[in-house]
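Subject: Structure handover

Hi,

Here is the structure I promised to pass on to you. My notes on what turned up in it follow below the files.

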Amino acid sequence: MLIGRAYSAAIERKAGKDFNIDSLVEALIVSDIDQMISKLSEINRPSFDNAHEICRYHAVVTQIFKKFTNLDKRSLASKYLHFHAPKSVFIYDQIAVRALSKEVKSGKKSFNKLNFDYLDCDVSYANFFLRCIKFRDAKEQEIGQLITPRKLDGMLLNYSTGATPCHA
């Protein structure tokens, strides 16, 4: 709940009257989420090589949230995983999606080149993830330094508001 509120993606938002936070917490406890977070924490940088693994874990968390809310909580799933593994998970939200769509075409060609399996991923997040890699790589070339997922999120927020992106 803390992560959802801090990132404006509360789990209970639009979940309906039948939503039960205790049932969701129990489902998370018995899931493999701790193991997934541990594996994600070992990833120091999102790349085309680890994209499928990261996107697959994101899909698992999204499905857990959907089971209890009947909603695609992909934004919350990305924020939850980013909170626990900030070096490996890009933050998905509508601001970032809009900013990226202006700058980077669809990531589907990249998936096809990687033999990426959409079947076990959330397609929207997977496409977003590849756009993030493309955008990040281009910006790193431009500014001459590495960009973390957190830094990229800030750049996309500035990009969408028309503010000058911070390069520090």
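E142 and K139 lie 3 residues apart in helix α8, so about one helical turn separates them. Their side chains form a salt bridge, with an N to O distance of 3.3 Å. The two ends of this bridge sit in contrasting surroundings: E142 counts as exposed because its relative accessibility is 54%, whereas K139, at 12%, is buried. Please keep in mind throughout that this is a predicted model.

Helix α8 takes part in further charge pairing. Salt bridges with shared partners tie R45, R136, D137 and E140 together into one network. Within it, the side chains of R136 and D137 meet at 2.9 Å, N to O. R136 has a relative accessibility of just 2% and therefore counts as buried, while D137, at 29%, is classed as partly exposed.

In total, the structure has 9 salt bridges. One that you may want to look at joins R74 to D122, with 2.7 Å from N to O. This pair connects distant parts of the chain: R74 belongs to helix α5 (residues 74-84), D122 to the loop between α7 (108-113) and α8, and their positions lie 48 residues apart in sequence. Both R74 and D122 are buried.

Now to the helix packing. How do the axes of helix α4 and helix α8 cross? The axes of α4 (residues 51-69) and α8 (residues 123-143) come within 10 Å of each other, and the crossing angle is roughly 145°. The crossing is right-handed. On the α4 side, the contact is made by A51, I54, C55 and H58; on the α8 side, by Y125, A126, F129 and L130. By residue type, that gives 7 nonpolar, 1 polar and no charged.

P46 is worth a look in the viewer too. You will find P46 in the loop between α3 (33-41) and α4, and with a relative accessible area of 1% it is buried. Setting aside neighbours within four places in sequence, P46 touches I54, K87, S88, F90, F129, I133, R136 and P149. Two of these names have come up already in the helix packing: I54 and F129 are among the residues through which α4 and α8 meet. R136, another contact of P46, is part of the salt-bridge network described above. As for F90, its C-alpha atom is 8.1 Å from that of P46, although the two residues are 44 apart along the chain.

Finally, the cysteines, in case you are setting up bonding terms. How many disulfides does the structure hold? There are 0. For C121, the closest cysteine sulfur is that of C55, and at 5.2 Å it is too far away for a bond, since a disulfide requires sulfur atoms within 2.5 Å. C121 is buried, as its relative accessibility is 9%. C132 is in no disulfide either; its nearest cysteine sulfur also belongs to C55, at 9.6 Å. C132 is likewise buried, with a relative accessible area of 1%. C55 itself has appeared before, as one of the α4 residues in the contact with α8.

Happy to talk any of this through whenever it suits you.

Best wishes

Methods: Residues numbered from 1 in each chain as written. Predicted model: local features only at pLDDT ≥ 70, side-chain atom pairs only at ≥ 80, totals over all residues. Heavy atoms only, no water. Axes fitted to C-alpha atoms, helices over the stretch in contact; angles between N-to-C directions. Helix = DSSP H or I, 4+ residues; strand = E, 2+ residues; numbered from the N terminus. Left-handed = near helix turned anticlockwise from the far one by under 90°. Contact = heavy atoms within 4.5 Å. Nonpolar A, V, L, I, M, F, W, Y, C, P; charged D, E, K, R; others polar. Salt bridge = Lys/Arg side-chain N within 4 Å of Asp/Glu carboxyl O. Buried < 20%, exposed > 50% of the residue type's maximum accessible area, 1.4 Å probe, protein only.
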